[in-house]
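Colleague: I'm new to reading models like this one. Could you walk me through a couple of features?

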Amino acid sequence: MNKALRKTVIAGNWKMNKTPSEAAALIEEIKPLVKGADCEVVVCVPFVDLHVAIEAVKESNIKVGAQNCHFERSGAFTGEISPVMLKEMGVEYVIIGHSERRTYFGETDVTVNKRTLAALNEGLKVILCVGEYLEQREQGITEELVAMQTKIALQNVTEEQLKNVIIAYEPVWAIGTGKTATAEQANEVNGIIRATIEKLYGKAAADGITIQYGGSMNAANATELLAQPHVDGGLIGGASLKAQDFAAIVKAASV
Ligand code: PGA
């Protein structure tokens, strides 16, 4: 497996944090700190911050993402946002299937697949999240579960479309808990995801796909995690809200 074949992507997942004015200020703070980074830098902001974020990142190396999208283009889905709307705004990335969406908002593997297809069909890049609960890890089913989540999410996604997919392995027990997976655990599961991609799409696709780790990644542990052969970046929650910490992770990914 050759790491040089794939792009390293550091994406901030701001979750439900920052008003539009706060978002603009944070991006202004991040911009000079990540300038010239040797990896892709993305900030995934709340829907209402997308407009100011897209303005703020102009003439910088930062890309903007949303944190979810619906699977229909338009219609009677009160409170939802469609991929067409995101695309027209100039949004480039969208997180799909984050564990908080699965846990609190009833997302299933099937709706994750529908949202993934809809986003890809609209030309968005998808950061697809998979990962196990602590109980599932203890039951010894992480491998099967993550492979299954990956397979279902990618149903009917073509090999061409897969080029616009990043997979984020996020063990649920590590998200927002300060309990990071060890570098070995992250590498092992990312490797399982890559093997799943190889079975579905072949070796070239498996070698080319970016697989991130997410879950309490921070300035202190990023270097070790990112040094793993199967870890091609990070999806960063808490630490992405502090410009210096986020920039330190970007720097760790840029070597
Ligand atoms: P965390 O969140 O870095 O705060 O653990 C990661 C995520 O949920 O994407």
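**Reading the ligand site and a helix pair**

Modeller: Sure, and keep in mind that this is a predicted model. Let's start at the ligand, where a backbone N or O atom of Gly237 lies 2.8 Å from an oxygen atom of the ligand.

Colleague: How much of the ligand's exposed area does the protein bury?

Modeller: On its own the ligand exposes 280 Å², and the protein buries 95% of that.

Colleague: Which other polar atoms should I look for around the ligand's oxygen atoms?

Modeller: Try Gly176, where a polar backbone atom is 2.6 Å from an oxygen atom of the ligand. Then there's Asn13, with a polar side-chain atom 3.4 Å from a ligand oxygen.

Colleague: Which residues come nearest to the ligand?

Modeller: Of the 13 residues around it, those are Lys15, His98, Glu170, Gly176 and Ser216. By class, the shell has four nonpolar, seven polar and two charged residues.

Colleague: Now the helices. How do I describe two that pack together?

Modeller: You give the angle between their axes and the distance between the axes. Here, H5 (residues 109-121) and H7 (residues 142-153) pack at about 45°, with axes 8 Å apart.

Colleague: Why are H5 and H7 called oblique?

Modeller: An angle of about 45° is over the 35 degrees limit for roughly parallel and under the 65 where roughly perpendicular begins, so H5 and H7 are oblique to each other.

Colleague: Which residues make that contact?

Modeller: Among them are Val110 and Thr116 of H5, plus Met148 and Ile152 of H7. The contact has five nonpolar, three polar and one charged residues.

Terms used. Residues are numbered from 1 along each chain as its sequence is written. This is a predicted model: local features need pLDDT of at least 70, side-chain atom pairs count only at pLDDT 80 or more; totals for chains, interfaces and linings use all residues. Side-chain values use heavy atoms; hydrogens and water are left out. A residue is near a molecule or strand if one of its heavy atoms lies within 4 Å of it. A polar contact is a pair of N or O atoms within 3.5 Å; within protein, one must be able to donate a hydrogen and the other to accept it, and residues adjacent in sequence count only if both atoms are side-chain atoms. Accessible areas come from the Shrake-Rupley method with a 1.4 Å probe; for residues, only the protein chains shown count as cover. Ala, Val, Leu, Ile, Met, Phe, Trp, Tyr, Cys and Pro count as nonpolar, Asp, Glu, Lys and Arg as charged, and the others, Gly among them, as polar. Axes are lines fitted to C-alpha atoms, for helices over the stretch in contact, and angles run from 0 to 180 degrees between N-to-C directions. Helices (H or I, at least four residues) and strands (E, at least two) are DSSP runs, numbered from the N terminus. Angles under 35 degrees count as roughly parallel, over 145 as roughly antiparallel, 65 to 115 as roughly perpendicular and the rest as oblique. Contact means heavy atoms within 4.5 Å.
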